[in-house]
Structures are given as C-alpha cells and as structure tokens.
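The following note collects points on charged pairs and nonpolar packing for a colleague's consideration. Please read it alongside the coordinates.

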Amino acid sequence: MRSKIAIYPGSFDPPTYGHMNIVERGLGIFQKIIIAVARNTSKKSLFTPEERVELLRKLFKGRRDVEVDYFEGLLVGYALKKKSNVILRGLRTVADYEYELQMSFANKNLSPNIETIFMMTESRYSHISSTIIKEIAFFGGSVKNMVHPLVEKTIKAKLKERAK
Ligand code: ADP
C-alpha cells in the first residue's frame, strides 16, 4: 500500500509553530495529514485532549488536506484504521532522536508495513517545545514567538482560570 496520507501523532499540549511547520512541510510530500492527538499520554497536561483538538482545528480551519482527530491505544492500530502506512514525526535534538528511535522500532515490530518518517526541525523552530512554553507561560513570560496568537490567548485564559 502506498500512502498518500500521513499520521502526525503527538500530545500538542499546546500546539506550537514547530508543530505547524512540520504539518506545512509534510504537505509538500503527502496529500493529507491527519494530526492525531494522543488521549492516553502519561505527560502532565495543561489542556484536555478535547481543548487541544479544538485549538488545532481552529489553526487549520478551511484546510481540506489537514484533519484533526484523537487516537487512543496503539498508534499503529490507529494508522491502519485510517488506511495510512506513514507516521510523521519531527526531530529537534539528540534527546528526541533517542526516544523516536525506540518508538519507531517498537512500532515497526508491531506493524512492519508502517514506516516512521522523520522531518528535521527548521532551525528557527528548533528551540520550541510545548514543555518549555508551558513553563515560560506559567512564570508570566511571553511565548509570542513560539505559538500562534490564538494559542497564546488560550494559554493565558487557561492559566488565569487555574489561578482562581
Ligand atoms: P509527543 O508527546 O508525542 O512527543 P509532542 O506534541 O511533544 O508529542 O510532539 C509531536 C511531534 O512533533 C514529535 O515528533 C516532536 O518531536 C515534534 N515536534 C515538537 N516540537 C517541534 C519543533 N519545534 N520542531 C519540529 N518538530 C517538533
């Protein structure tokens, strides 16, 4: 099966310009990208999966080549369900590489027909991570250059609500 659809999975808590750049560049290769928000992440989150999906749908509103969805359980199972054999992931650091290598081996073992494709970050986005954004925002710093204005606004509102 040759896939025209790639699954771009992640936590996206929150979505960043780094994520958006991977989607845009991925569309230079694939006809459609399905952004799949993990429901079963062990990471401590700022936004619920529903809020993250809503944010991503707003960011890619009007784009017929981008779908935003949830996934639960095994990613390879989700990819098969969506009739895709490509998992798209971004790479920033050596730490990303170590983790991604293990994940791709695990997925390959589970489902040999599914390929994980890695896209290197663009240097201007290499420092952007959702975890760092959450820390900066929590301590009142500006995340303006790292996320879309809508995301920035939503983070501010969330932190305000939490501080109550
Ligand atoms: P996960 O919790 O599964 O790592 P993330 O939401 O942190 O999910 O990231 C989803 C994917 O996007 C991962 O492949 C990650 O390496 C990639 N990514 C995150 N930030 C960037 C960035 N600034 N540039 C390129 N890729 C990125």
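**Notes on salt bridges and nonpolar cores**

1. Arginine 52 and aspartate 13 are both buried. The model is a predicted one, and in it these two residues form a salt bridge whose closest N and O atoms are 3.6 Å apart. Arginine 52 belongs to helix α2 (residues 49-59), whereas aspartate 13 sits in the loop between β1 (5-10) and α1 (17-26); the pair therefore ties together parts that are 39 residues apart in sequence.

2. A second pair consists of arginine 25 and glutamate 122, with 3.9 Å between the closest N and O atoms of this salt bridge. Because arginine 25 lies in helix α1 and glutamate 122 in the loop between β5 (115-120) and α5 (130-138), the contact ties together parts that are 97 residues apart in sequence. Arginine 25 has a relative accessibility of 27% and so counts as partly exposed. Glutamate 122, with a relative accessible area of 25%, is likewise partly exposed.

3. Within helix α2, lysine 58 forms a salt bridge with glutamate 54, the closest N and O atoms being 3.3 Å apart. The two residues are four residues apart in this helix, so about one helical turn separates them. Lysine 58 is partly exposed at 45% relative accessibility, and glutamate 54 is partly exposed at 44%.

4. Lys32, Glu67, Asp69 and Lys82 are joined into one network by salt bridges that share partners. In total, the structure holds 17 salt bridges.

5. Which residues touch the most other members of the largest nonpolar core? They are Ile35, Phe60 and Ile155, in a core of 34 residues. At least two residues of this core come from each of β1, α1, β2 (32-38), α2, β3 (66-71), β4 (86-91), α5 and α6 (149-163). Helix α2 gives the most, with four residues. As general background, nonpolar side chains in soluble globular proteins tend to be buried together.

6. The surroundings of isoleucine 35 merit inspection. With neighbours within four places in sequence left aside, isoleucine 35 is in contact with Tyr8, Phe12, Val23, Leu56, Phe60, Val66, Glu67, Val68 and Asp69. Two of these contacts, Glu67 and Asp69, also belong to the salt-bridge network with Lys32 and Lys82.

7. Apart from the largest core lies another core, of 11 residues. Its members include Ile7, Leu75, Val76 and Tyr78.

How values were computed:
Residues numbered from 1 in each chain as written. Predicted model: local features only at pLDDT ≥ 70, side-chain atom pairs only at ≥ 80, totals over all residues. Heavy atoms only, no water. Salt bridge = Lys/Arg side-chain N within 4 Å of Asp/Glu carboxyl O. Buried < 20%, exposed > 50% of the residue type's maximum accessible area, 1.4 Å probe, protein only. Core = buried A, V, L, I, M, F, W, Y, C linked by side-chain atoms within 4.5 Å. Contact = heavy atoms within 4.5 Å.
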